There are 4 protein chains.
Amino acid sequence: MNIAFIGLGNMGLPMARNLVKAGFQVKGFDLSAPVLEAFAAAGGTPCACAADTLQSADVVVTMLPASRHVQSLWLGASGLLHRLRPGTLLIDSSTIGATVAREVASAAAALGLDMVDAPVSGGTASAEAGTLTFMVGGTPEQLERARPVLESMGQRVLHAGGIGAGQVAKACNNMLLGIIMAGSSEALQLGISHGLDPKVLSDIIGVSTGANWVLTNYNPCPGTLDTAPSARGYSGGFATDLMLKDLGLAVEAATDTGAIVPVGSAARNLFAMHSAAGQGKLDCSSVFHLLAARTS
Amino acid sequence: MNIAFIGLGNMGLPMARNLVKAGFQVKGFDLSAPVLEAFAAAGGTPCACAADTLQSADVVVTMLPASRHVQSLWLGASGLLHRLRPGTLLIDSSTIGATVAREVASAAAALGLDMVDAPVSGGTASAEAGTLTFMVGGTPEQLERARPVLESMGQRVLHAGGIGAGQVAKACNNMLLGIIMAGSSEALQLGISHGLDPKVLSDIIGVSTGANWVLTNYNPCPGTLDTAPSARGYSGGFATDLMLKDLGLAVEAATDTGAIVPVGSAARNLFAMHSAAGQGKLDCSSVFHLLAARTS
Amino acid sequence: MNIAFIGLGNMGLPMARNLVKAGFQVKGFDLSAPVLEAFAAAGGTPCACAADTLQSADVVVTMLPASRHVQSLWLGASGLLHRLRPGTLLIDSSTIGATVAREVASAAAALGLDMVDAPVSGGTASAEAGTLTFMVGGTPEQLERARPVLESMGQRVLHAGGIGAGQVAKACNNMLLGIIMAGSSEALQLGISHGLDPKVLSDIIGVSTGANWVLTNYNPCPGTLDTAPSARGYSGGFATDLMLKDLGLAVEAATDTGAIVPVGSAARNLFAMHSAAGQGKLDCSSVFHLLAARTS
Amino acid sequence: MNIAFIGLGNMGLPMARNLVKAGFQVKGFDLSAPVLEAFAAAGGTPCACAADTLQSADVVVTMLPASRHVQSLWLGASGLLHRLRPGTLLIDSSTIGATVAREVASAAAALGLDMVDAPVSGGTASAEAGTLTFMVGGTPEQLERARPVLESMGQRVLHAGGIGAGQVAKACNNMLLGIIMAGSSEALQLGISHGLDPKVLSDIIGVSTGANWVLTNYNPCPGTLDTAPSARGYSGGFATDLMLKDLGLAVEAATDTGAIVPVGSAARNLFAMHSAAGQGKLDCSSVFHLLAARTS
């Protein structure tokens, strides 16, 4: 099977490499020349422009930074959708607005093309290891068509619903992640301000009703968990700016339907403050420090 | 050992009964006559006033509704602290402000009395079954003195730190519980507003980074979990008004130290709205419905 | 001068009538037939489709419900921008996202067309009376071209900055209006919950540092101000759903630039709750009742 | 008339001086020796302890930092309330919780004493100039008794309601002030992030529905208003820490009655963050800078 892969960034390149390893013929494109070289070194076929990857493609995988890149790749006067053969399957693994995913899918369907949205959960390490989770929107048939490709790049393929549902599910999960990251930080800082030991408090909450994945696996307070980004100066992990992007998508998804997200909005604004204060590249759990009370 | 038990309400009565069962001599007091009768029927010694329970008491357990009840029992012109023999141990299992706990403990220490704060986690069913969790503030020695009594009423005794730390730990946990309850509701409602199935979305989040105790064990959306209050019309469980009380204590604890709790405050105000709308007696997970988007 | 007017709704029709009264030749279009008849009765020339209004137009005024209507009118495969003669001036008085305004203006500029964004402040009564305020984005020269047309429909023409700045200024003002409406309601309800008379409290705040236009001219509490919507069952005025739309635009504008809007977001979610509770058609000051504390 | 004045701090000293100037016999106490000297130099009679001021006092004015100081002065084992002659009038101008005001007034009434709460609006400059505003809680008769004293220190005496209502009115006004300060900052920063000139935007909002006292008289953005603290490096004015204290009192007042204050709580947490970041001594309008978006 011939696969076109567009967008060979920090996530896209290891994903495309895993497709090559799985035996697919993969043509790839990215604006960055060094990245194309790395892709070639891994056995992929680099192309000079996005359109060149599409020749004879059975499946196109896109991994782009934001909604506008997906829109301008496929839609509008210079869009490439009409270059695809009917029956081609589009898998968009970018994290974008559900509305845009539906808009592209609708234009694709009009040309006899299938499309699923399949944003990922997991960072660059998971992309390398092929252990990503895909949250997929599309029909069951489309999902089955996409499955062999997705399973070559990831460990889990979760069917969220119809087209756009993958994006919505990711936005919901990551909004909740942001809420719990900020909320756990507030709880620990509140305890610290009253003299409690954050490790003791984490242990207590961890066996109580406030227990959650963040506190157990990603504790934002330095000294509580050796394996968390907080133990290594908040390097690696999931950057504040990416969290802010995802919370922005969640808030926009809420605006689209009139949904009510006061707690999610409060979290979004905390990460916006943290980013504005220059911490956008640090792991998002560093928001813990934004929430420290006065010590005097 | 002689125990005085003051406050035989929904929680206090079954706790006191478990002390009787464990072989302690227990004198009890409550303002309600029927409750005193039930206490007598269980083998306790009912008293006509709080002061009468204190005669020859080695340990006093209090389980009162709010800070002001604890203050007026022990402090001020009519306070009973001076009626206790030096060396008596006070165990306050009421959920009150840490500041008040420290104030009472300080007055107690001046009279040669020991005190621990030991608020509970778990509802009336846990109180009956003797499976409560105690979050305890006090010195290690005080905790060891209290342990046999606490272990007769509960399953777990967690040492949070010095005096008041039990109250702070409970406030932190329950603030985070309220945040996650509201946040999980927002995430599910956001998904529903975009056409996702809340059961499917819960399953996806449950294996992702947003995973938490609430979603897995206490899912607020009807139809997702047979054992949750949402499956039985939000009866039983942890009432909205109790959640509101605990979030109020958390917010006041934050005011005391200048702590920063934007997400916790947003949650507190949601439960205040829900209570004001007449839903104070329902389980707090019914806040899910306050967060439903327009369906048109 | 020939004017094309597209969108003859509650606001557009009286605005177009004022252009006719001022002596302009006005061709108009709307999807609603009765509205076109009313426009004809007022001396305007009704057209069967939007394109027909554009013949020989020197200026086009658009007054449409949302971003997507403006986009689909002018842009894309079926967009009408290319039907306009170079030199034509577009005045968009719709309330839409600044990003969309800039996108349309950019496409217009490529065809030699001028465009200003000129959203209005003031309701249907101001539209009838010709006393609207326009917040305008564009170059000073474009603003001067638009001025005679705008001054035939309104009382004040405020220059906010370059293209899109009119939309941003309106979003900023209306976000602040929403914040102050909610905040004044909270302050009054807090006072009421402590037994204060809301009229007395309004008078005190009105001469203090919390003074604002809402409290003085638009008091949300019934019985405090005879001329406010609160005195007539929250009819007329500025509907909750319109406030929610504008707060949504403000939040999206914040997402676009990473701006920090915690207070604005809290307000947005209150109006979303109020709308979801079925109060979308009432004047937005009715949010006062959503914020009432328990009376028991 | 003999007046006792307890608490000669930044506000209390100039207030007491104005009483001396008005011809009252004023005995004063403060813990600070230099302050007592300054008081003596102004013609007051300094006392070695609070109790000494009370000899033959007809009226006692207190101006203390927080609730606990007022409580410990009057109540409890070492409280001085019983040292006053029946018929003495207490005027508490401290800014404290309404609940504490009512508690003290109730104890005072039991001893045949009158008490009004009379917190002030206006800073040290107003205290010097005798142009403070008093928000008073008490009966109309008590207010008339207090009026000559209050009018010697201030310009306006506003009757808010029964005992405690002065504190509630101040909390409500200052909560709204904090909301509008934060909200106006957000609106201006949102505009700036989209390229608008904050002076132009302030002018537009100032004639629109978002108009408020802060924007016109206290604009937080440097360069917009020569007379505001923002024009002089945020020196003088109303310190962030005092704003935080007042918002804390407002939030606690809401907790007392179950009132709903999501917007006020969001504002409170912003000032808590600003204080925690070390800006507590700056004028509160400097919160503007906490809300600046990324510029890159």
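This short presentation describes chain A, one of its residues, and the relation between chains B and C. Please keep in mind throughout that the model is predicted.

I begin with chain A. Its secondary structure comprises 13 helices and nine strands. The radius of gyration is 21 Å, close to the 19 Å that the globule rule gives for 296 residues, so chain A is as compact as a globular protein of that length. Along the principal axes, the C-alpha atoms of chain A occupy a box of roughly 65 × 45 × 35 Å. Of its 296 residues, 64% count as buried. Among contacts in chain A with a separation of 6 or more, 63% join residues 24 or more positions apart.

Let us now turn to a single residue, Met273(A), which lies in helix H12, spanning residues 262-279 of chain A. Is Met273(A) buried or exposed? Met273(A) is buried, because 23 other C-beta atoms lie within 10 Å, and the cut-off for a buried residue is 20 or more. Leaving aside residues up to four places away in sequence, Met273(A) touches Leu290(A) and Ile260(C). Val287(A) is 14 residues from Met273(A) along the chain, and their C-alpha atoms are 9.2 Å apart.

Finally, I come to chains B and C. A turn of 180° with a shift of 0.0 Å along the axis lays chain C on chain B, with an RMSD of 0.1 Å. The two copies are therefore related as by a two-fold rotation axis. Which residue of chain C comes closest to that axis? It is Ala266(C), whose C-alpha atom is at 4.1 Å. As for the interface, 100% of the interface residues of chain C are also interface residues in chain B, so the copies meet through the same surface.

Conventions: Residues are numbered from 1 along each chain as its sequence is written. Chains are lettered from A and ligands numbered from 1 in the order in which they are written. This is a predicted model: local features need pLDDT of at least 70, side-chain atom pairs count only at pLDDT 80 or more; totals for chains, interfaces and linings use all residues. Helices (H or I, at least four residues) and strands (E, at least two) are DSSP runs, numbered from the N terminus. The radius of gyration is taken over C-alpha atoms; the globule rule is 2.2 Å times the number of residues to the power 0.38. A residue is buried if 20 or more other C-beta atoms lie within 10 Å of its own, exposed if 12 or fewer, and partly exposed in between; C-beta atoms are placed from the backbone. Two residues are in contact if their C-beta atoms, placed from the backbone, lie within 7 Å. Copies are superposed by least squares on the C-alpha atoms of residues with pLDDT of at least 70 in both.
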